[in-house]
Amino acid sequence: MESTKSENLIEQKAIGDLLCGYEFHIPPYQRGYRWTKQQVVDLCNDLLEYALRPLSDIADTKTFYSLQPLVVKYRNEKSFDVIDGQQRLTTIYILFRFLMAELGPTPDRLKRIQRDVNLYSIIYETRKDDTDFIADLGSYGWEERLSAWAMDIDIAHIYNAYQYMKEWLYPKDENERYSSVATCRRFIKEGMDSYEIALKLLTLLKNKKDTTKPEGNAQFIWYQLSSDKDAIEEFIVENKGKIGLSDTERIRALFLYREDKNNEVDVAQQISIAKDWDEIETTLQDSGFWSFISSENLEEGRISLLFQYINNIDTLKDKKVSSDLYRFYEQKFAEKEGNVAMREWERILEAFRMLKNWYKDAYLFNIIGLLTREGISLNDIAHIYYSQDVKTTAQFVIELNKIVNRKCLPRLGSEVKEGEESHIKTGQNDKFGFKFGELHLNLNFNDHKDKIRSLLLFLNILVLNEQIENHRKNDMAYSGNEYRFAFDLFDKETWDVEHIDSATTNQLKSESTRAMWIHNADAAIKHFYKKDYPAFLVVKEKYESGETNFETLHKKVIELTDIESSDEEMKNWIGNLTLLNANINRGYGNDIFAAKCMKIDEKVNAGAFVPVCTRMVFYKAIPNNENSASHLEWNFTDKKAYHDWMLKKIMDFKKRFPLKIEY
């Protein structure tokens, strides 16, 4: 059927019929390529299973594999705007490039295959690098040229899809390649190698609609819009109700749609916004950047954080404003007061510039990252930033640290309202060594775990920020990056408040836990106190021969390492608590302190993220600790020194950034 400009056209079109110089333009209002590994592998499996279906089935079934609709709008002969179906069309394009590369290992052979296929083109209207990269994909020596490309989020997804296909065709485990039992059986029967698989797939994809070959062909439902159709409206309608289309994508369509493609001013505006949009998305996809403004693990649509920020501002001014993000912007564009797109986009850019300014300052980065984890919103922080009373970065820092005091630190009696509990007490406590009238932290594992977690995270941030302040005070050169708290790594793991030393109160009942405990105690004593090692070995050998029991061996280790007997109250005291990665904690469980020190050191040397204060504890680097030379135990002297150090840090901070009590 001939295409027309005045009427919609619906037909079946084989992929093979597009292999004659077709051009598919991806309009600026659409996001870039985003398919996941599962989606890529599923499509490869489906296509391959169809190409290899039993010959006996062919006479009774259709001879084409049916793909989802491809909605396009006519530009000129063999040139179309893609309204819907971009992701699948792009995946098939990448699959073509991959298969041709696998079947054409030499330049001459690859050129012959490419001439035979004459693959269609994919053109990103405002992302030239994406257009050039995908066109180079799979060409001879292309992987050697990868360093020349700026790996933005779109290029990264295209590259990853190519690698997923390679992993699929050349799996490390042969059982991981195929998803269907029928396909597996056929391969087992025929013993097909990877070259034959690639050839079968390429044949299926390049077969035309009228093919009689046994592989059949793959066909799109081709839905071609007439030239008078509104592309942006069709884009939204076609995607309505689909899982893949988010508010962010629909908002992008609003900002990047232009009515007159020949209007140079509109074209320049569209290109400018599209480039800004891609820069923002790329920046927010950087986990190091994203992590200080949000702890949510959003892979897509992170720019929606800025839309939400603007929406919150307008909602405070006018309660009638819709809280639905797409509806919010749809209403703004419907008003058509002046250049809505540029006016609203400038607000987004201003918010983005604000985030970049905060990110550049490592001190601010650390404070804001701490506050966002305490539930302080971007709008709350920005409200302070733009306050008339805040004219300098120093004033901004002061106001933020006052919030840190309120949200993260335990309170003195003078800082709480009537009926509230103070966690900094004054009074004598012989057990913990506090004299009459002396301040101390009244925090324990069982009753204050959440408060302790906030405090420990604060102390890690404080130590880093003190380093930054020291460099600035002494006019010392530093990059700042070495003092940024690794929120991105912190968020990837499960961190909780855990006991520094708990071996003396844990029950080692099973044979496996006892064996591990003995192994680690052996390594720790041999490493830290070689002179005591022979005495340990004597008892260990008697235990292994059955001459003595585990309790005797356990007692000998306690004796050699001078571990104090510790009751539950002392074990759960703040002086025996730190932030620990759940995986690391499970890895050493009931080990003695010395063994834990070795495990932490191994993790750090292997590149694992361990917060600075946790390292200070296990490296015995707490100031004014008279027991710092001993790495065998974490005794009362260590716990008291750790407590006193924490208390001093808290009180010094409170003096600098006093808490305002609102009655």
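This report walks through the predicted model shown above, from the whole chain down to its cavities, cores and a few single residues.

**The chain and how far to trust it**

Since this is a predicted model, local features need pLDDT of at least 70 and side-chain atom pairs count only at pLDDT 80 or more, while totals for chains, interfaces and linings use all residues. Residues are numbered from 1 along each chain as its sequence is written, and side-chain values use heavy atoms, with hydrogens and water left out.

What is the mean pLDDT of the chain? The mean is 83, and 85% of the residues reach 70 or more; pLDDT is the predictor's confidence in each residue, from 0 to 100. Among the elements, helix H16 (residues 362-373) has the highest mean pLDDT, 97, and helix H9 (residues 231-239) has the lowest, 54. Over residues 240-244 pLDDT stays under 50, and the model has four contacts beyond four places in sequence for them. A contact means heavy atoms within 4.5 Å. Where pLDDT is low, the predicted coordinates should not be read in detail.

The secondary structure comes to 28 helices and 11 strands. Helices (H or I, at least four residues) and strands (E, at least two) are DSSP runs, numbered from the N terminus. Of the 663 residues in the chain, 52% are buried. Buried means under 20% relative accessible area, exposed over 50%, and partly exposed in between (1.4 Å probe, protein chains only). Among contacts with a separation of 6 or more, 71% are between residues 24 or more positions apart.

**Two cavities**

How many cavities of 30 Å³ or more does a search of the whole structure find? The search finds two. A cavity is a set of points, on a 1 Å grid over the protein atoms alone, where a 1.4 Å probe fits but cannot get out, and its lining residues have an atom within 4 Å of a point. Grid points are joined across faces, edges and corners, and a volume is the space filled by probe spheres set on the points.

| Cavity | Volume | Lining by class |
|---|---|---|
| Largest | About 50 Å³ | eight nonpolar, two polar, no charged residues |
| Second largest | About 30 Å³ | four nonpolar, three polar, no charged residues |

For these classes, Ala, Val, Leu, Ile, Met, Phe, Trp, Tyr, Cys and Pro count as nonpolar, Asp, Glu, Lys and Arg as charged, and the others, Gly among them, as polar.

The lining of the largest cavity includes Tyr363, Asn401, Phe458 and Phe653. H16, helix H18 (393-408) and helix H19 (449-473) each give two or more residues to this lining, and H19 gives the most, with four.

Around the second largest cavity you'll find Leu456, Asn460, Thr578, Leu579, Cys613, Thr614 and Tyr642. Here the elements with two or more lining residues are H19, strand S11 (577-581) and helix H27 (612-618).

**The nonpolar cores**

A nonpolar core is a set of buried Ala, Val, Leu, Ile, Met, Phe, Trp, Tyr and Cys residues joined through side-chain atoms within 4.5 Å. The largest one has 115 residues, and Phe255, Tyr329, Trp358 and Phe458 touch the most other members. H19 supplies the largest share of this core, 11 residues. Phe458, which also lines the largest cavity, touches Leu370, Val404, Cys408, Leu409 and Phe653, leaving out residues up to four places away in sequence. Apart from the largest core lies another, of 67 residues, among them Ile26, Val72, Ile94 and Leu205.

**A few residues to look up**

Is Lys640, in helix H28 (residues 636-656), buried or exposed? Lys640 counts as buried because its relative accessibility is 14%. Beyond four places in sequence, Lys640 touches Phe432, Gly433, Phe434, Glu438 and Trp573.

Asp152 sits in the loop between helix H5 (128-136) and helix H6 (153-169). Its relative accessibility is 21%, so Asp152 counts as partly exposed. The C-alpha atoms of Asp152 and Glu281 are 9.0 Å apart, although 129 residues separate the two along the chain. Setting aside neighbours within four places in sequence, Asp152 is in contact with Asp130 and Thr282.

Finally, some backbone angles. Most residues other than glycine have a negative phi. Lys78, not a glycine, has a positive phi of about 65°, and is found in the loop between strand S4 (70-76) and strand S5 (79-84). Lys620 also has a positive phi, near 55°, and lies in the loop between H27 and H28. With a relative accessible area of 32%, Lys78 is partly exposed, whereas Lys620, at 5%, is buried.

Definitions and conventions: On a 1 Å grid over the protein atoms alone, a cavity is a set of points where a 1.4 Å probe fits but cannot get out, and a pocket is an open set with protein on both sides within 12 Å along at least five of seven lines; lining residues have an atom within 4 Å of a point.
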